[in-house]
Amino acid sequence: MPVLLRGVDRAAFAVAFVERLRGAGMAAGLTETGDLVHALEASPPVSVNALYWTVRVALVRRQPDLAVFDRVFHSVFGDAPPLPLTRASVPPSKRDDVHLAVPHGGDDAAAGGGLPWATLPPAVAAADPAESPLHTPERRPSELAALAERPFEELDPQQLDDLADVLRATLTRWPARRTRRHAVDPSGRRIALRATIALARRTAWEPVTVVRERPVRRPRRAVLLCDVSESMSAQAAAYLHMMRAFTVVAEAEVFAFATSLTRLTPALRHSSAREAMARATASVGDRFGGTRIATNLAALLDSHHGNTLRGALVLIASDGWDSDPPEKMTAAMSRLRRRAHQIVWLNPRAGAPGFAPRVAGMAAALPHCDHLLPAATFADLIAAMRHLSV
Amino acid sequence: MNSPEDVRLRLDAVDYLVDDGLAMAVYLSLRMGKPLLLEGEPGVGKTAAAKALALALGTPFIRLQCYEGLTAGEALYEWNYQRQLLAIRLAEARQEKLADADLFTAEFLQDRPILKAVRHDGPQPPVLLIDEIDRADDEFEALLFEFLGEGAITVPELGTFTAARPPIVVLTSNRSRELHDALRRRCLYHWIEFPSPARAASIVRRAVPGAAEPLIRSATEFVGRVRALELDKAPGLAEAIDWVSALAALGVTDLAEDDVPRTIGTIAKTPDDRLAVAAALVAARQESR
């Protein structure tokens, strides 16, 4: 049977293909490259389909990468002649018994593809000097305290950044859950048999000291949903800072929504605050549009991130203005209620005097929430975080 | 097994149908001696793949079900403390002197699934299934690295056990959390898609030989339609098979019969889903009339 890629240097092919994938944003390292070489040796491809599966099994290690992989694979092999490349499938006039057509990526180095050693790597831009760790804002606590009381819309970006640092520093304690794992602890109730026997080795196998253990407690998972629609435009920037604080400190999953749901966790996890904000802003496509809270909640429950909600602490930051019917909100919230451990709703209007949940969406959601907290100023946000950590 | 096609035929012989992708993944994992990490929605046959592989190869099947709090003592090995204590008391009664080395020997070692797979001495390596690895804590993944990378387990008191023939390892995950990159790097990966209606029908046909052909076709088609609804727990292939066998057991030949709504519990697993599926069934019946 004719074999594709005959006479091709497998290592060069693997490295070049992985380089393309990395260029397209997929994480693939040397282990995967080595695997691809071994895989091509173990199963010489006889058709593009077989080649596709060989390369995919060897290189792709996570489901979200599949889309990128498919795109790159088709851009490389999409123009390949109809295969399998048997002699019979080529008309006699075009038969070439000396060469075998193989897709190659060797001669388009100018476009950034090709063999990785053919071009010099692009120079890395110097880091933004404003982001250096030496930069410390000269702010007195009293001044920040006054700022924290002001509504979000009256703050300039620098003040927002300073207050965000305060916010992150506030988040020091986090609700815990009890795991089934045990760790040695003198105040524990259970006897750690393994450790006790190990210690008894020193005392002629007489278990003199009883070692105790107790369940390990771990931070409870948190999921944060933020409304970025038109009615929430004043709060959006501040909430983005709050989301970043949760992502960095509590490893929360964060989502922004207006008409559709966007997962911001990877964008906000960036170590540079400014870069994280820029990425998050760029990835939200429907900013300042209408609101469909119930639809987005249902979308989150149905997506494969729906499992992260199980036993989690769910925070929803929204004013409750919803263009979906309230019945839909009731359905979505009751599903969320059954799945989550605790639901906290942060409402920027809740702190205003005479506030009552008169908006239909808010009124429908309220029976399913554990707490409704105001969130119009940084002082409110800090209070909300303190509320969570007690 | 010497080609992906051969893998497909051998698994076919034990009534497990695979597509090109899974056949290639299994073949490469066998040839390259790397563990295979299978992910996919619940009920697409991840666990069944490992079982079928063991059956097709004619080797023992060792299963490790992961859960939160799983420790080395339950997955790798544990010392038999009771026996050790007895040995100590016995030595005392006989006025003998015991050394450490006397207490930490293979005699006092209890094999748990992974060590069992490593110490297996048969003509063929066993198939080890580490099921739902995402349920175990992330610390547990780190425990597996030595085993997955080198097929070896180190017992500090005894030495390193290395498998004579590295076991065939299959890991499954439901993606309830992201696995660590270090674990992924040590495995080959395959994402099992939910099969197309035609493939699903042929899989159900194999699993429930007694069911009527039109019933299988309409039932799998209905399950495919239900999957498009917004359900808490979308029915997978396992649920489709359960449903068809329930219908076959009741002697049903057509979805329009009265017994059908009573069997919905096999594909809808929450009260909300039950209502949604029942509504879809009514709609499907009206269409077929």
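This tour goes through a predicted model, chain by chain and contact by contact, with a selection to make at each stop.

**Chain B as a whole**

Begin by selecting chain B, in which 13 helices and 9 strands are assigned. Of the 289 residues in this chain, 38% are buried, and among its contacts with a separation of 6 or more, 76% join residues that are 24 or more positions apart.

**Where chain B touches chain A**

Next, display both chains and select the residues through which they touch, which are 30 residues of chain B and 31 residues of chain A. On the side of chain B that touches chain A, at least two residues each come from helix H2 (20-32), helix H5 (81-93), helix H9 (181-185) and strand S9 (188-192) of chain B, and H2(B) gives the most, with 8 residues. Colouring this side of chain B by residue type separates 11 nonpolar, 7 polar and 12 charged residues.

Stay with H2(B) and add helix H2 (residues 30-42) of chain A, since the axes of these two helices come within 10 Å and cross at roughly 100°. Angles of 65 to 115 degrees count as roughly perpendicular, and H2(A) and H2(B) are therefore described in that way. To see the contact itself, show A:Asp35, A:His38, A:Ala39 and A:Ala42 from H2(A) together with B:Leu28, B:Arg31 and B:Met32 from H2(B); by type, these residues divide into 4 nonpolar, 1 polar and 2 charged.

**B:Gln84, a residue in H5(B)**

Now select B:Gln84, which is found in helix H5 of chain B. Is B:Gln84 buried or exposed? Neither word quite applies, because with 19 C-beta neighbours inside 10 Å B:Gln84 counts as partly exposed. Leaving aside neighbours within four places in sequence, B:Gln84 is in contact with B:Trp79, B:Leu103 and B:Phe108, and also with A:Ile197 in chain A. A distance drawn between the C-alpha atoms of B:Gln84 and B:Leu103 should read 6.2 Å, although the two residues are 19 residues apart along the chain.

**A strand pair in chain B**

Move to strand S2 (residues 61-65) of chain B, whose covered face carries B:Ile62 and B:Leu64, whereas B:Phe61, B:Arg63 and B:Gln65 belong to the uncovered face. In a regular strand the side chains alternate between the two faces of the sheet. Add strand S5 (residues 127-131) of chain B, which pairs with S2(B) in the parallel sense over 5 bridges, and look for B:Phe61 opposite B:Val127 in S5(B).

**The nonpolar cores**

For the largest nonpolar core, of 102 residues, select B:Ile114, B:Val170, B:Val204 and B:Val244, the members that touch the most other members. Helix H3 (residues 48-59) of chain A gives the most to this core, with 8 residues. Centring the view on B:Val244, and leaving aside its neighbours within four places in sequence, shows contacts with B:Val204, B:Val208, B:Ala211, B:Leu215, B:Ile216 and B:Ala219. Another core lies apart from the largest one and has 66 residues, among them A:Phe246, A:Phe257, A:Ala312 and A:Met329.

**Strands of chain A**

A:Phe257 also belongs to strand S5 (residues 253-257) of chain A, a strand in which 5 of its 5 residues are buried. Which residues of S5(A) lie on each side? A:Glu253, A:Phe255 and A:Phe257 are on one side and A:Val254 and A:Ala256 on the other, with both faces covered. Strand S4 (residues 222-227) of chain A pairs with S5(A) in the parallel sense over 5 bridges, and in this pair A:Leu225 stands opposite A:Phe255.

A further selection in chain A is the open sheet of 3 strands, with antiparallel pairing and the order S1-S3-S2. Strand S1 (176-184) and strand S2 (190-191) are its edge strands, each pairing on one side only. S2(A) pairs with strand S3 (residues 212-219) of chain A over 2 bridges, and A:Ile191 stands opposite A:Arg212 in S3(A).

**Last stop: H6(A) and H14(A)**

Finally, select helix H6 (residues 157-170) and helix H14 (residues 378-388) of chain A, whose axes come within 10 Å and cross at roughly 10°, which makes H6(A) roughly parallel to H14(A). A:Leu163, A:Leu167 and A:Thr170 in H6(A) meet A:Phe378, A:Leu381, A:Ile382, A:Met385 and A:Arg386 in H14(A), and the residues of this contact divide into 6 nonpolar, 1 polar and 1 charged.

Conventions. Residues numbered from 1 in each chain as written. Chains lettered and ligands numbered in written order. Predicted model: local features only at pLDDT ≥ 70, side-chain atom pairs only at ≥ 80, totals over all residues. Axes fitted to C-alpha atoms, helices over the stretch in contact; angles between N-to-C directions. Helix = DSSP H or I, 4+ residues; strand = E, 2+ residues; numbered from the N terminus. Parallel < 35°, antiparallel > 145°, perpendicular 65-115°, else oblique. Contact = placed C-beta atoms within 7 Å. Nonpolar A, V, L, I, M, F, W, Y, C, P; charged D, E, K, R; others polar. Buried ≥ 20, exposed ≤ 12 C-beta atoms within 10 Å, placed from the backbone. Pairing = 2+ DSSP bridges. Core = buried A, V, L, I, M, F, W, Y, C linked by C-beta atoms within 7 Å.
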